[in-house]
Each structure stands twice: as structure tokens, then as C-alpha cells.
Amino acid sequence: MKNPAGAFTAQKKDGTIYYRSSITVRGRHISLGSFDSPSEAGKAYEEAHTVLNSQMTADDYPDAFALPFKKYVALINYRDNGIYFKTPIYIHSKYFTYHISPSFSVKFDADDLFYYSTRSIMQRGGHLFVSDFGMQVGVLSRYGVREHAVCGRDFYFANGDSRDYRYGNIIVVNPYHGVRRFVKNGRDYYKVKIHINGDFVVGTYPSQTEAAIAYNKAADILRAKGCKKSFPDNYPESLSASAYADIYDSVKISKKITEYKF
């Protein structure tokens with residue numbers, strides 16, 4: 001029996017037969033995906049035609065579609081903006097949206113378009129990440145938000161929209177590992193803790209930079225004592241090597257750390 005329009009028979013290495021679907025739009029050949037039956041492949045092809053000749057938006061994806069959601073978004077963007085991306089991106093005038101699922105999308109600045117046009121965003125446990133050179137990289141790390149940072153404490157979204165990842169909307173409060181800001185008598189202070197067997201207080205410091213370096217120094221002391229735990233490093237910005245060394249030498253560390261025994 002002849003396959004429906006847009007459906008093609010293919011074969012896996014083990015001999016299993018499956019079906020592919022594709023469409024040509026404005027001279028561009030676009031794959032629509034792989035399917036278990038010729039009818040599904042043909043249905044995806046017809047749906048692609050429907051999308052390209054409609055006013056459907058990225059938020060209108062029908063549950064009954066055989067056409068994969070990511071292809072659906074890519075076709076809508078190609079229809080409206082004349083640019084095809086393999087990732088589910090839709091370009092707006094000053095930003096773009098990345099559609100992770102029919103009910104979940106996030107906003108990014110146009111400056112990030114090239115980066116996310118070549119990387120798939122995945123979601124796990126409420127966190128967004130991409131695979132970058134074989135490593136899983138959290139989306140928030142591009143804004144200086146460290147791993148395990150807590151929204152509302154270490155960073156926050158200026159407009160209250162946790163799906164708006166534009167640079168001006170993400171405000172980093174605590175960019176350093178082990179550092180927590182608190183206010184006492186109207187002044188800012190920074191308490192540092194490091195995790196060994198439980199949390200140990202390294203000290204309290206008047207500046208974020210001193211606190212970040214104190215964490216590094218405490219980690220160095222523990223490593224020298226034979227601790228095998230992997231501590232992340234803090235990288236205070238705008239400090240020369242000599243200025244870093246001066247703070248490192250002078251910053252005080254709790255005796256609970258300097259006298260800790262393994």
C-alpha cells in the first residue's frame with residue numbers, strides 16, 4: 001500500500017521498519033519526526049500544512065496532534081519570522097520565548113538567541129538546564145546564580161515572573177558559595193558557613209568580598225588537613241591578585257575550622 005503524502009518508510013539497523021515525515025517550505029526541507037505507522041507520519045504532514053496556513057500560535061497546540069510540539073513551535077516561528085530553528089523558539093520584537101512544553105515557556109533576551117538555538121532546555125525538579133559540551137549546565141548559572149542558590153534569598157526576579165529570564169529581571173543577592181547576607185542595626189553583614197559533617201560557621205564579615213575569600217581560605221585549610229570533600233571556589237570580581245592575597249592573609253577563620261580534626 002502506498003504511504004500517505006509526506007510519509008516515508010525507513011529501517012533501523014536491527015531491521016525494524018518505521019516511518020518518517022518531512023515537508024518542504026520555501027525551498028527548505030524540514031523533518032517532522034519519526035513515527036510508528038504511515039498514518040501517523042501522514043497525519044503529521046497534514047498538520048504541518050495546517051499550521052503553516054493558519055493563525056495558530058505557540059500556545060494553541062492541540063492535544064490530538066501527531067506533529068511533535070517542538071516541531072509545531074519551530075514551524076510557527078518559521079511561518080511568522082522566516083527563520084527555522086531546531087529548538088522550540090519563537091522570536092518576538094525585543095526578546096524570544098523558548099517553549100519547553102505546551103503549558104510552559106520562558107523568556108530570554110535576544111542576545112541569547114544563538115546560544116539557545118543550538119541547545120535543548122530540559123527541566124528536572126523545577127530546575128532548567130542544558131547539555132553544554134557534555135555537561136549539564138543550569139540556565140541560571142549564565143546570570144551568576146550559583147548552584148543550589150535559593151530564589152528569594154540568593155536571587156530574585158525583579159518583576160515577580162519566574163519564567164522571565166531576561167538579564168534585567170534576575171537580581172543576584174548572594175553570588176558566592178557559603179555566604180549569607182543579614183542585616184543588624186541597619187548594616188549589612190555576611191555570615192559564612194562551610195559543610196563538612198554538617199554546617200560549620202567560618203565567621204561573620206562586613207563585606208561580601210571578604211566573606212567569599214574567607215570561604216575559600218576555610219576550604220584550603222580543610223583540604224590541607226586531608227579533607228577529600230570537593231569545595232567550590234568563589235571568584236570575587238574586580239580584585240587584583242595582590243588585593244586578593246592581602247584579604248586572604250588577613251581574613252580571620254573560626255577555630256572550629258583551623259582546629260578541626262578528621
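1. Salt bridges make a useful starting point, and the count for this structure comes to 11 salt bridges. The model is a predicted one, so every value in this note should be read as computed from predicted atom positions. As background, side chains of opposite charge can pair when their charged atoms come close.

2. Asp 154 deserves attention, since this residue takes part in more than one of these pairings. With Arg 153, Asp 154 forms a salt bridge in which the closest N and O atoms are 3.0 Å apart, and with Arg 180 it forms another, where the closest N and O atoms are 3.8 Å apart. Asp 154 lies in the loop between E9 and E10, whereas Arg 180 belongs to strand E12 (residues 179-184), so this pair ties together parts that are 26 residues apart in sequence.

3. Is Asp 154 buried or exposed? Asp 154 has a relative accessible area of 1%, and because the limit for a buried residue is under 20%, Asp 154 counts as buried. Its two partners are classed otherwise: Arg 153 is partly exposed, with a relative accessible area of 36%, and Arg 180 is partly exposed as well, with a relative accessible area of 28%.

4. A further salt bridge joins the side chains of Arg 166 and Asp 164, with 2.8 Å from N to O. Here Asp 164 is buried, at 1% relative accessibility, while Arg 166 is partly exposed, with a relative accessible area of 24%. Elsewhere, salt bridges that share partners join Arg 146, Arg 153, Asp 154 and Arg 180 into one network.

5. Asp 164 also appears among the contacts of Asn 159, for Asn 159 touches Asp 164 and Asn 169 when residues up to four places away in sequence are not counted. Where does Asn 159 lie? Asn 159 sits in the loop between E10 and strand E11 (170-172), and it is partly exposed, with a relative accessible area of 46%. The C-alpha atoms of Asn 159 and Ile 170 are separated by 8.9 Å, these two residues being 11 residues apart along the chain.

6. The largest pocket has a volume of about 1,400 Å³. Of the 49 residues that line this pocket, the closest to its centre are Val 145, Arg 146, Glu 147, His 148 and Ala 149. One of these, Arg 146, is also a member of the salt-bridge network that includes Asp 154.

7. Which elements contribute to the lining of the largest pocket? At least two residues each are supplied by several elements, including strand E6 (104-109), strand E8 (127-132), strand E10 (155-157) and helix H4 (208-224). The largest share of the lining, 5 residues, comes from E13. By residue type, the lining divides into 23 nonpolar, 14 polar and 12 charged residues.

8. A last point concerns cysteine. How many disulfides does the structure hold? The structure holds 0 disulfides. Of two cysteines that can be described here, Cys 151 is partly exposed, with a relative accessible area of 45%, whereas Cys 227 counts as buried, at 11% relative accessibility.

Technical notes: Residues numbered from 1 in each chain as written. Predicted model: local features only at pLDDT ≥ 70, side-chain atom pairs only at ≥ 80, totals over all residues. Heavy atoms only, no water. 1 Å grid on protein atoms, 1.4 Å probe; cavity = no way out; pocket = protein on both sides within 12 Å on 5 of 7 lines; lining within 4 Å. Points joined across faces, edges and corners; volume = space filled by probe spheres on them. Helix = DSSP H or I, 4+ residues; strand = E, 2+ residues; numbered from the N terminus. Nonpolar A, V, L, I, M, F, W, Y, C, P; charged D, E, K, R; others polar. Disulfide = S-S within 2.5 Å. Buried < 20%, exposed > 50% of the residue type's maximum accessible area, 1.4 Å probe, protein only. Contact = heavy atoms within 4.5 Å. Salt bridge = Lys/Arg side-chain N within 4 Å of Asp/Glu carboxyl O.
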